[in-house]
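Q: I have a sequence and a model open side by side. How should I read the features in it?

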Amino acid sequence: ALPGGKKMVLSIIDRLPSGRPLPGGIRLWLLDTHRLKEAIWARIEAGQFFLHRETGEDYAKQLAAEVLEMDARGRTRWVVQGNQPNHLLDCEVYAAAMADPECWGGVMVMRRPAAAVEQGVVEEPAAGGAWLRLSRRGWLNR
């Protein structure tokens, strides 16, 4: 868990191990992957997570590769089920982190103004278009 209940914290490394200054420094995002995975699954369970119609079933299986389990001390942790790869879940976690408002404004910085849609610069997806809703029960609801 990160301080202050945050999902991510920016850490700046500005010194080398020798103590000498590191010109420009290194910006490192520390992520609370437990909270970010919970946020992703909350959206999936609420029916607010969509995949493109042509997304393969493997993608959905990798999103569901981990389950939340409780250890002997009563703490919860994410555990991979069997030999199922979970790399695409990790990618979703990183993408969710970078889109989160805690990350320098996240996706809010890139928000499309309504005027761009009206001027035809940005197109809205067609109603009933090519998006799929993901759920635990039916991996890909077409």
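Q: With which side chain does the side chain of E92 make a polar contact?

A: Keep in mind that this is a predicted model. The partner is the side chain of Y59, at 2.3 Å. E92 itself sits in helix α3, which covers residues 87-99.

Q: Which residues is E92 in contact with, leaving aside its neighbours within four places in sequence?

A: Y59 appears again here, together with I40, F49 and L63.

Q: Is E92 buried or exposed?

A: E92 is buried, and it has no salt bridge. The nearest side chain of opposite charge belongs to R43, 7.6 Å away. A salt bridge needs a side-chain nitrogen of Lys or Arg within 4 Å of a carboxyl oxygen of Asp or Glu, so R43 does not qualify.

Q: How many salt bridges does the structure hold?

A: There are four. One of them joins the side chains of D100 and K7, with 3.1 Å from N to O. D100 lies in the loop between α3 and α4 (114-118), while K7 is in the segment before β1, so this pair ties together parts that are 93 residues apart in sequence.

Q: How are D100 and K7 classed by relative accessibility?

A: The cut-off for buried is under 20% relative accessible area. D100 counts as buried because its value is 12%, and K7 counts as buried because its value is 16%.

Q: Which residue forms a salt bridge with E57?

A: The partner is K61, and the closest N and O atoms are 3.9 Å apart. The two are four residues apart in helix α2, so about one helical turn separates them. E57 is partly exposed, with a relative accessible area of 43%, and K61 is also partly exposed, at 35%.

Q: How far apart in space are K61 and L89?

A: Distance along the chain and distance in space are separate readings. K61 and L89 are 28 residues apart in sequence and 9.2 Å apart in space, taken from C-alpha to C-alpha.

Q: How many bridges join strand β1 to strand β2?

A: Seven bridges join them, and the strands run antiparallel. Strand β1 spans residues 8-15 and strand β2 spans residues 21-31. For one pairing, look at I12, whose bridge partner in β2 is R27. In a regular strand, side chains alternate between the two faces of the sheet.

Q: Which residue takes a positive phi in the hairpin of β1 and β2?

A: That residue is G19, with a phi near 100°. The hairpin has five residues between its strands.

Definitions and conventions:
Residues numbered from 1 in each chain as written. Predicted model: local features only at pLDDT ≥ 70, side-chain atom pairs only at ≥ 80, totals over all residues. Heavy atoms only, no water. Buried < 20%, exposed > 50% of the residue type's maximum accessible area, 1.4 Å probe, protein only. Lys, Arg positive; Asp, Glu negative; His and termini not counted. Polar contact = N/O pair within 3.5 Å; in protein donor to acceptor, adjacent residues only side chain to side chain. Contact = heavy atoms within 4.5 Å. Pairing = 2+ DSSP bridges.
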